[in-house]
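User: I would like to learn how to read a chain-to-chain interface and a buried side chain. Can you take me through an example?

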Amino acid sequence: MKAKYMVLVFCSLLLGGCWDRTEINDLAIVTAAAIDNEEEQKIRLSIQVFIPRELTSGQGGTGNGGGELTTVYSGTGLNISDAMSKVQAKLSRKIFWGHCKVYLFGEEAAKQGMAEHIDFLVRHPGPRNRAYLYVTRGKAKEGLAIKTVLERSTAEALREFASLHIGMAVTLIDYRNMLKSESEAVAVPMIENGSKLQTPAQIQTKSILIGTAVFKKDKMIGHISPKVTRGLMWLRNEVTEAAITIQPPHVKGIVSVMPSRSRVTLDPVIKNGKWSLLVKVDTEGDVVENGTLLNLMNPDLLSIVQKAVRDDIQARITYSLGTLQKGLKVDVANFAGAFHRKYPKEWEQNKDQWEKIYPEVDVRSQINVKIRRPGLISAPAGVPQEDVIKE
Amino acid sequence: MLEEGEKMQGNEKISAGQMGLLMYFAISASAVTVVPGITGKYAQNDLWLSPIWASLIGYVTVYIACRLHQLYPKQSIIQYSQTILGSFLGKVTSLFFIFFYLHLTGLIVRAYAEFVVGNFLTRTPISVVMISMVMVTALAVRGGVEVLGRTAQLFFFMFLIPVALMPTLLGSMKLQYLFPILEHGLKPTFLGAASPQAWFSEIFIMAYFLPLVSNQEKSMRAGMWSVFGTMMLLTIINVFILLVMGRQAGDFLYPVMVAFRYISVADFFQNLDSVVMGIWIIGLFQKISVFYYASVIGTSQLLGLRDYRPLVLPFGILVVIMGFWSIPDQLHVSAFDTFAFPFYGPLVQTVFPLLLLILAFWQKRGQASHAGRTALTDDTNS
């Protein structure tokens, strides 16, 4: 009797698991996918797939050095799933989305609207919400052909870029959060046209990231430069690592400060029907380069530098608001959310008017910079002792 | 084999703590997967408040179940409903309860299978997922209530592993999603509580387990604690998914799954969904076996059988069939959870027992005033 049950249990264990059994050598592991618009309402899906043979060949074998680790397949269809089945027809293995870390969207596809594509990525059980989104200049397919010197694949390189926070890093969840936020404005980092980044020489001199694509709802309406992006990242409280290089007033030479910790809060005020917003920045950092003659161990001299850093951050924020608020008129910093959280009633009454209110919001900033450490040396390192200004 | 057969259901005992854990699984195992999504649809960013309102019905239900049990110790609801309502009405009621739990067990199995097939085993026929689960639970139910109690103790800490994994997403959490709190007043949070309160009312299933508890005096406390524990778990999970996903939490069918999929520590500790999934399957195994056990033991009491074990396998078949008959697809699972169950569940599991309790009090009082003058042996408060 007992033995009978045991047999049944083991059967159920085996049956439950084996139906969807997929061996790793039956899978085509997608590392990145690119989506482009084509003529006649069609889209092109291109996937970058690992070539497992190269991975297993090991040391000293045949595959080292020049061998490609990934290859690109593509197909066209009415939407992603349709295109995917066309791609599948060209592949001997089953497409596996679980390791796809990067989705690239061509500029044209982004301008036509990403709604359908995003729906697929969220609805299909394969793709992961942790994957990063990028918009590419030109065709996204060419983005997959970008040769990387350090990383195994384009996908890996772009994922590393995202974790460095040099530009914005937007996952699928972040994208949907921005889309569902009060402002309905989305920002997705943008990368250079892939055809311009083919040889190692081109990659070593040009940067991949070229700012940010800005969306209203699901349609891309503009592109902002890396400089504006930096200001936007300050407003979104996303700055982690980037040196601020300033020239203190009335002093010869420049100083670089590396902010180590920054906190940005948006403090909205509605007074007499006038909407204004105070951007509060608290940042601390270390001096990493001192090209002046100032000895920064002196608090008075340090405060000159602090003030210059403060003015620089202010200028960055003002500069990027000039583009975002007055130019493109998109609220990617989600000021609307800040107003909503503090003034839910006023927001409820005025949310339909936000498009009109936003460009008129008076933004001021209150920036608090603390330079905690002068680096590893006190006096300027590269000049004789007597030239250093101590007071 | 002989020992098993001789072990009568009356001889088996569990502790109040074990019963509390069983009840904890019976509510929370399936609640954590689907309820946050339903709550999020209504309560938006206040979804973490809803379980608190919803748990109120749980406390009331525990109270009703325990009072009924105090009035009729050693009897389950199948038996005392016949005492209260008379033989015929009582039997009809019992039959209704048995069908209710049979149907519910089928629904839970189906919802579990929809979850597994929708997220993981996309090409596996749903019947395989359902049948394999029912087979495992059938073994547990045949093992008896002591087995259920022990497995609950064993699995409880495993079931808390997902909670322990939550801090790994601290980096992706944004506190600002909590605000503005109560933007549209309390009403959305009450609407959001409609679905979880149906889950909380499920704790009435403890009425089947109360006669088997060895330390009776602690059973009400254990029931209250399991309602409280479930409330805390749901609140924590709702806060967690809100902080990670913001207002899109309500868009997903299984938001908690999405949140756990999002975990990535240092780029290698990731794709934890299968771990979390495994733990939930354990929880659902407990839940299904509790409901399965209740429908089987209820039937055996109605039919006056000495042993419930012969009923286990036939009921397993019925459970799978119920899972197919009641619901054609995932949409209907969601629709049932959102619109029907919030009324159906509490009506059968809280309001109806409350009526029974009122009737029982009334009867006992009548008996007491009749008999009180002649005999002092009447035990109203036993």
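Analyst: We go through the interface, then one residue in a helix. Keep in mind that this is a predicted model.

User: How many residues does each chain give to the contact?

Analyst: Chain B gives 40 residues and chain A gives 32 residues. Together the two chains bury about 3200 Å², with 51% of that on carbon and sulfur atoms. On the chain B side, R123(B), Q248(B) and Y262(B) lose the most area to chain A, together 20% of what that side buries.

User: Which polar links cross between the chains, and how many salt bridges are there?

Analyst: There are two salt bridges between chain B and chain A. One of them joins D251(B) to R176(A), where the closest N and O atoms are 2.8 Å apart. Ten residue pairs across the interface are in polar contact.

User: Which helix of chain B gives the most to the side that touches chain A?

Analyst: Helix 6 of chain B does, with five residues. By class, that side of chain B has 18 nonpolar, 13 polar and nine charged residues.

User: Now the single residue. Is T105(B) buried or exposed?

Analyst: Buried means under 20% relative accessible area. T105(B) has 0%, so T105(B) is buried. T105(B) sits in helix 5 of chain B.

User: What does the side chain of T105(B) reach?

Analyst: It reaches the backbone oxygen of Y101(B), at 2.4 Å. Leaving out residues up to four places away in sequence, T105(B) touches I288(B), F291(B), Y292(B), S295(B) and V319(B).

Terms used. Residues numbered from 1 in each chain as written. Chains lettered and ligands numbered in written order. Predicted model: local features only at pLDDT ≥ 70, side-chain atom pairs only at ≥ 80, totals over all residues. Heavy atoms only, no water. Contact = heavy atoms within 4.5 Å. Buried area = accessible area lost by both parts, 1.4 Å probe. Salt bridge = Lys/Arg side-chain N within 4 Å of Asp/Glu carboxyl O. Polar contact = N/O pair within 3.5 Å; in protein donor to acceptor, adjacent residues only side chain to side chain. Helix = DSSP H or I, 4+ residues; strand = E, 2+ residues; numbered from the N terminus. Nonpolar A, V, L, I, M, F, W, Y, C, P; charged D, E, K, R; others polar. Buried < 20%, exposed > 50% of the residue type's maximum accessible area, 1.4 Å probe, protein only.
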